[in-house]
Structures are given as C-alpha cells and as structure tokens.
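The following note sets out a reviewer's reading of the model, point by point. Please read each point alongside the displayed coordinates.

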Amino acid sequence: ALSSESTSSLMMSYGKRLLLSDDIFDVEKELNKLSSLTLDEVNQVAKERFNSSIMATSIVGKGVKPLR
C-alpha cells in the first residue's frame, strides 16, 4: 500500500502526523505492529466496525453470481 503512494503525498502525511501528534512515522515499527496482529483481533475489529445489516454490495461483470 505504501509503495502505491507518491513520494509527495507520503511526505505530506508524515508531516501532518508530526505536526498533529509530535510523532515521527516509523515504517518498521508500524509493520511490526501489523505483523503481530492475530486473526481473532482483526475479526473482532471487523465485527465492531462493520454493520452487515446496512451494508450494500455491487459486483459488475460477465457471469457474476448473486451474493447471499
């Protein structure tokens, strides 16, 4: 995901983070945090953040099967 960002947008993001939180973005530290997540932790956050009763899904293409 970081590789798809332009250098200038990354620098703007890092600068905003530094100004707003007085924290310097450390790529290795953030990657280590992500790597330490468990599937259970990810599933718990997904359950807390996504309400399937109000979600909408759209799929476009040939031979698309209906979702259930």
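**Points on the model**

1. Val 27 is partly exposed, at a relative accessible area of 33%. This residue sits in helix α2. The coordinates discussed here and below belong to a predicted model, and the remaining points should be read with that in mind.

2. On confidence, the chain has an average pLDDT of 85, and 91% of the residues score at least 70. Among the elements compared in the chain, α1 has the lowest confidence, with a mean of 89, while α3 has the highest, at 92. As a general caution, predicted coordinates should not be read in detail where pLDDT is low.

3. Val 27 also belongs to a nonpolar patch on the surface, which covers about 530 Å² and further comprises Leu 31, Leu 34, Leu 37, Leu 39 and Val 42. Two or more residues of the patch come from each of α2 (27-35) and α3 (39-49). Which element gives the most to the nonpolar patch? The answer is α2, with three residues.

4. The geometry of helix α1 is consistent with expectation. Its 15 residues should span 21 Å at 1.5 Å a residue, and the C-alpha atoms at its ends are 21 Å apart, which agrees.

5. The residue that follows α1 deserves a check of its backbone. Asp 22 comes after that helix and has a positive phi, near 55 degrees. The positive value occurs here in a residue other than glycine. Asp 22 is placed in the loop between α1 and α2. Is this residue buried or exposed? Asp 22 counts as exposed, because its relative accessibility is 67% and the cut-off for that class is over 50%.

6. How many aromatic pairs does the structure hold? There is one aromatic pair. Tyr 14 and Phe 25 form it in a stacked arrangement, with 4.9 Å centre to centre and 15 degrees between the planes. Tyr 14 lies in helix α1 (residues 7-21) and Phe 25 in the loop between α1 and α2, so the contact ties together parts that are eleven residues apart in sequence. Both rings are accessible in part: Tyr 14 is partly exposed at 23% relative accessibility, and Phe 25 is partly exposed at 22%.

7. Three salt bridges are counted. In one of them, Arg 17 meets Asp 23 through their side chains, at 2.7 Å from N to O. Asp 23 is partly exposed, at a relative accessibility of 26%, and Arg 17 is likewise partly exposed at 26%.

8. Arg 17 takes part in another salt bridge, with Glu 30, at 3.5 Å from N to O. Why does this pair tie together parts that are 13 residues apart in sequence? Arg 17 lies in helix α1 whereas Glu 30 lies in helix α2, so the bridge links the two helices across that separation. Glu 30 counts as buried because its relative accessibility is 19%, against a cut-off of under 20%. The value lies just on the buried side of that limit, and the class should be quoted together with the percentage.

9. Glu 30 also forms a salt bridge with Lys 33, where the closest N and O atoms are 3.5 Å apart. Lys 33 and Glu 30 are three residues apart in helix α2, which means that about one helical turn separates them. In general, an α-helix has 3.6 residues a turn, so residues three or four places apart point the same way. Lys 33 is partly exposed, at 45% relative accessibility.

10. The ionic contacts are best described together. Through salt bridges with shared partners, Arg 17, Asp 23, Glu 30 and Lys 33 are joined into one network. Within that network, Arg 17 is bridged to Asp 23 and to Glu 30, while Glu 30 is bridged in turn to Lys 33.

Note on methods:
Residues numbered from 1 in each chain as written. Predicted model: local features only at pLDDT ≥ 70, side-chain atom pairs only at ≥ 80, totals over all residues. Heavy atoms only, no water. Patch = residues over 30% accessible without salt bridge, like charges linked within 9 Å, V, L, I, M, F, W, Y side chains within 5 Å. Areas by Shrake-Rupley, 256 points an atom, 1.4 Å probe, with all protein chains shown as cover. Salt bridge = Lys/Arg side-chain N within 4 Å of Asp/Glu carboxyl O. Helix = DSSP H or I, 4+ residues; strand = E, 2+ residues; numbered from the N terminus. Buried < 20%, exposed > 50% of the residue type's maximum accessible area, 1.4 Å probe, protein only. Phe/Tyr/Trp six-rings, centres within 6.5 Å; stacked < 30°, edge-to-face > 60°. Expected span 1.5 Å × (residues − 1). pLDDT = per-residue confidence, 0-100.
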